[in-house]
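New to this one? Here is a quick briefing to read with the structure open beside you.

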Amino acid sequence: MSYPDPTLFGHDPWWLVLAKALGIFVFLLLTVLSAILIERKILGRMQLRPGPNRVGPHGLLQSLIDGIKLALKEGLIPAGVDKWIYLAAPVISVIPAFMAFAVIPMGGEVSVFGHRTALQLTDLSVAVLYILAVSSIGVYGLLLAGWSSGSVYPLLGGLRSSAQVISYEIAMALSFAAVFIYSGTMSTSGIVAAQNDTWYIFVLLPSFLVYLVAMVGETNRAPFDLPEAEGELVGGFHTEYSSLKFAMFMLAEYVNMATVSALATTLFLGGWHAPWPISIIDGANAGWWPLLWFTAKVWMFLFVFMWLRATLPRLRYDQFMALGWRVLIPVSLGWIMIVATTRSLRDYGYPTWSTGLIAAGIFVAIVLLLTGWRSARARNRRRNPVQPVQSVSDGAFPVPPIPVKEPADA
């Protein structure tokens, strides 16, 4: 296999850089259009209904028509909004979503018209921190959208979104820290190269589970879609938006789903490496084949997003915040200490401790799952105490007393 040479980044000709940037944009745009359609199809199948089946063959053009319809709808601006911030908020949400994909490695070195280049726009020595920084800017779009709308429900949705991102970015960053410590690098291409023999999902299982929960919370997806909870907030931060501005928020949401899925693939599933047993075939990780393995892994995570939306009810806000602060963050801190100790022992000539890290990871993962389950049950018991059923002497089923109708005055 051919890993990208770090010296290649920044030395591509301008037309090749432009082509790769355009390729990433088209890849994400097609992913969003496909994900919206496939999600509606999957939800329909899971809920025993057909889903989109009218526009185009088997409904395949439904996402495209929905986008055109939103673009052609009249763009209304409610009275009382802060106009410039109101118009800038969707743009602030969309641009960071695309920027984060710039450092994601989608393959090794390939030849494009005689030029050797990596299937990656660029790389940095702190590439994963760059993704965290860019993704944290995107939340300003949601917060400003809620604040500038001049309405109560969008404001509450924006405040929820800011609190949600702050809480779950801490857990996400802690899961990244374990990867940094074990691999010894923050470069995305370096992390992929370090997983040539063993994927980090096996070595750093607790970090993967924490990231799996945090990435759903970061993208405001069900069951963590509290900033746009229509049962409580009418529609959340985008209540006052319509037409193309509303479509930009939806575009940012699905692009963020693709970005966090690609990051999970890069950090824990070997990046563009072919899965076993395909990896033992000569040439499976060479040329353009890695792009196929990378895309398949990203779509596996996208399917998990859709599956969660179809099966899990929305959490209460106190449950959601307690999960982040009382379960994910403490467990992540303890797990980082274990990973750091193992890395130090490995550097001092005890490589067998890496095998023990897998067993420790399984144990911590079980503790993490049991802690989350028990805390959820305890909160439900406190908030919904079981009322004792009063016995009835004649054995009949207990019913409330029937009100006596007063006789009409003569």
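Let's start with a pair of charged side chains: Asp 318 and Arg 316 meet in a salt bridge, with 3.1 Å from N to O. Keep in mind as you look around that this is a predicted model. From that pair we'll move on to the other salt bridges, then to helix packing and a nonpolar patch on the surface.

**The opening pair**
- Asp 318 has a relative accessibility of 27%, so it counts as partly exposed.
- Its partner Arg 316 is partly exposed too, with a relative accessible area of 29%.
- As a bit of background, side chains of opposite charge can pair when their charged atoms come close.

**Salt bridges around Glu 39**
- How many salt bridges does the structure hold? There are eight.
- One of them joins Arg 221 to Glu 39, and the closest N and O atoms there are 2.3 Å apart.
- Arg 221 sits in the loop between helix H8 (205–218) and helix H9 (230–233), while Glu 39 is in helix H1, so this pair ties together parts that are 182 residues apart in sequence.
- Are Arg 221 and Glu 39 buried or exposed? Both Arg 221 and Glu 39 are buried.
- For Glu 39 the relative accessibility is 1%, which is why it counts as buried: the cut-off is under 20%.
- Glu 39 also meets the side chain of Arg 309 in a salt bridge, at 3.0 Å from N to O.
- Since Arg 309 belongs to helix H11 (residues 289–311) and Glu 39 to helix H1, that pair ties together parts that are 270 residues apart in sequence.
- Unlike buried Glu 39, Arg 309 counts as partly exposed, at 42% relative accessibility.
- Put Glu 39, Arg 221 and Arg 309 together with Glu 253 and you have a network of linked salt bridges.

**How some helices pack**
- Two packed helices are described by the angle between their axes and the distance between the axes.
- Take helix H4 (residues 127–148) and helix H10 (residues 243–268): they pack at an angle of about 160 degrees, and their axes are 12 Å apart.
- That angle makes H4 roughly antiparallel to H10, because anything over 145 degrees falls in that class.
- Where H4 passes H10, the crossing is left-handed.
- H8 and helix H12 (residues 317–347) are another pair to look at, with axes that come within 10 Å and cross at roughly 150 degrees.
- H8 is therefore roughly antiparallel to H12.
- The crossing of H8 and H12 is left-handed.

**A spot in H10**
- Ala 247 has its place in helix H10.
- With a relative accessible area of 18%, Ala 247 is buried.
- How far is Ala 247 from Ala 71 in sequence and in space? The two are 176 residues apart in sequence, and 7.7 Å apart in space from C-alpha to C-alpha.

**A nonpolar patch on the surface**
- A nonpolar patch of about 950 Å² lies on the surface, and the residues that make it include Leu 22, Phe 25, Val 26, Leu 61, Ile 65 and Leu 72.
- Helix H1 (14–46) and helix H2 (62–72) are the elements that give two or more residues to the patch.
- Which helix gives the largest share? That would be H1, with six residues.
- Ile 65, one of the patch residues, lies in helix H2.
- Ile 65 counts as partly exposed, at 37% relative accessibility.

Terms used: Residues numbered from 1 in each chain as written. Predicted model: local features only at pLDDT ≥ 70, side-chain atom pairs only at ≥ 80, totals over all residues. Heavy atoms only, no water. Patch = residues over 30% accessible without salt bridge, like charges linked within 9 Å, V, L, I, M, F, W, Y side chains within 5 Å. Areas by Shrake-Rupley, 256 points an atom, 1.4 Å probe, with all protein chains shown as cover. Salt bridge = Lys/Arg side-chain N within 4 Å of Asp/Glu carboxyl O. Helix = DSSP H or I, 4+ residues; strand = E, 2+ residues; numbered from the N terminus. Buried < 20%, exposed > 50% of the residue type's maximum accessible area, 1.4 Å probe, protein only. Axes fitted to C-alpha atoms, helices over the stretch in contact; angles between N-to-C directions. Parallel < 35°, antiparallel > 145°, perpendicular 65-115°, else oblique. Left-handed = near helix turned anticlockwise from the far one by under 90°.
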